[in-house]
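Hello,

Here is the structure you will be working with. Please open it first, then read my notes below.

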There are 2 protein chains.
Amino acid sequence: MADPTASGESLLFLTDEQLRKGIEAMFFAYRGFTADPDRILEGMDYGRAHHRAIHFIHRSPGTTVSNLLTILGVTKQSLNRVLRSLIEDGLVEARIGRRDKRERHLHLTQKGEALERELSDAQRARMRAAYRAAGPQAVAGFRQVLEAMMDPELRKQYQGLKESGA
Amino acid sequence: MADPTASGESLLFLTDEQLRKGIEAMFFAYRGFTADPDRILEGMDYGRAHHRAIHFIHRSPGTTVSNLLTILGVTKQSLNRVLRSLIEDGLVEARIGRRDKRERHLHLTQKGEALERELSDAQRARMRAAYRAAGPQAVAGFRQVLEAMMDPELRKQYQGLKESGA
DNA sequence: TTGGAAAGTCAACAACGCTGACATACCTTT
DNA sequence: AAAGGTATGTCAGCGTTGTTGACTTTCCAA
């Protein structure tokens, strides 16, 4: 396993022990990452699935159900249940497509935008604190590793979103 | 909180847009992070909860159910269901405590160790590839940001595990 | 006009959270 | 030693959100 030609430094990161620590860091950090929105949503009839739908509808207003399915990676039956409750409660509006009337273009209502803001404010606050504590260089590394960890198709989704936002 | 002495660079990272990208990076990366073990476990009667139990029992052999509860952050009833199936299937052995007969000390059997290895090999392979692609400096930043993102109590758990492994 | 894509419904099921009720073991107090 | 409270773990049942399968309706395009 030891490669005498490589700089010791770079190989040190690839011990099973280092990798295990990275795995556990992902596990614990993701718990923190979702903790604040989870707290806000508990008590409402909503959960993480609703949060995700709200996030990506806010992110790409007018997106179709199909688009959302691709991004979220769930079945339409599962997403449909979530969307139905959001629409019934007046957080999301589904507009029938002009060109293609089969499509439903999804938008947040004012009420939906309000909840989105509450959720993302909480999540951004934690992210901001973590970024500040770690510093700019750490943030760049954080993003690099996360991107490398994605499945190639998911990475395209992510990068597509990244650009469409600019 | 604005610190006029900080370099402009560090503040640039704190735009809502940057934070949103970080949030979505966590979302997509976590999907990748769990994808390989999920694939291995589908078809067995097991899921992510079983994976987590197996991971931490392997990590700390002889740990009690209570310890595991604290680390995993679920109810004992939920964990119990998972442990019961693992014990029935001969992957985990629960030994009654000597001093305190209420306690169950958990160990992986050979069969359990085999599955643990299969799962963690897959997860480590992805982690290793991501680490290699991003480089040592990025990895350090990755770990710093993740650690800063944890809840304080979870961070203690994480750090405790880190040390006990050394 | 026929074929297929998009959207949605209904039904059933699995994984994994949760609460409540309970049994057993231990410890402290009397 | 007996009594009561705390800690540990088990069993039963429920809710959310994921899954598959079968089906209908609507519409565009060949």
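First, a definition for the residue classes: Ala, Val, Leu, Ile, Met, Phe, Trp, Tyr, Cys and Pro count as nonpolar, Asp, Glu, Lys and Arg as charged, and the others, Gly among them, as polar.

Next, some ground rules. This is a predicted model, where local features need pLDDT of at least 70, side-chain atom pairs count only at pLDDT 80 or more, and totals for chains, interfaces and linings use all residues. Residues are numbered from 1 along each chain as its sequence is written, chains are lettered from A and ligands numbered from 1 in the order in which they are written, and side-chain values use heavy atoms, with hydrogens and water left out.

**Chain A against chain B**

Contact means heavy atoms within 4.5 Å. By that rule, 59 residues of chain A touch 59 residues of chain B. The buried area is about 6,300 Å². That is the accessible area (1.4 Å probe) that two parts lose on being put together, summed over both. Carbon and sulfur atoms give 73% of it. On the chain A side, A:Ile23, A:Phe28 and A:Met149 supply 10% of the area buried against chain B, more than any other three residues.

The interface also holds 8 salt bridges. A salt bridge is a side-chain nitrogen of Lys or Arg within 4 Å of a carboxyl oxygen of Asp or Glu. A:Asp151 forms a salt bridge with B:Arg126, with the closest N and O atoms 2.9 Å apart. Helices here are DSSP runs (H or I, at least four residues), numbered from the N terminus. α2(A) gives the largest share of the chain A side, 19 residues. That side divides into 32 nonpolar, 12 polar and 15 charged residues.

**DNA strand C**

Which residues come nearest to DNA strand C? They are A:Ser66, A:Arg102, B:Arg48, B:Arg52 and B:Arg81, out of 24 around the strand. A residue is near a strand if one of its heavy atoms lies within 4 Å of it. Sugar and phosphate account for 55% of the strand atoms that come within 4 Å of the protein.

Now some phosphate oxygens of DNA strand C. One is 2.7 Å from a side-chain N or O atom of A:Asn80. A:Arg104 has a side-chain N or O atom 3.3 Å from a phosphate oxygen of the strand. For B:Arg99, a backbone N or O atom lies 3.4 Å from one.

α3(B) gives the most to the surface near DNA strand C, with 4 residues. By class, this surface has 3 nonpolar, 9 polar and 12 charged residues.

Best wishes

Terms used:
Helix = DSSP H or I, 4+ residues; strand = E, 2+ residues; numbered from the N terminus. Polar contact = N/O pair within 3.5 Å; in protein donor to acceptor, adjacent residues only side chain to side chain.
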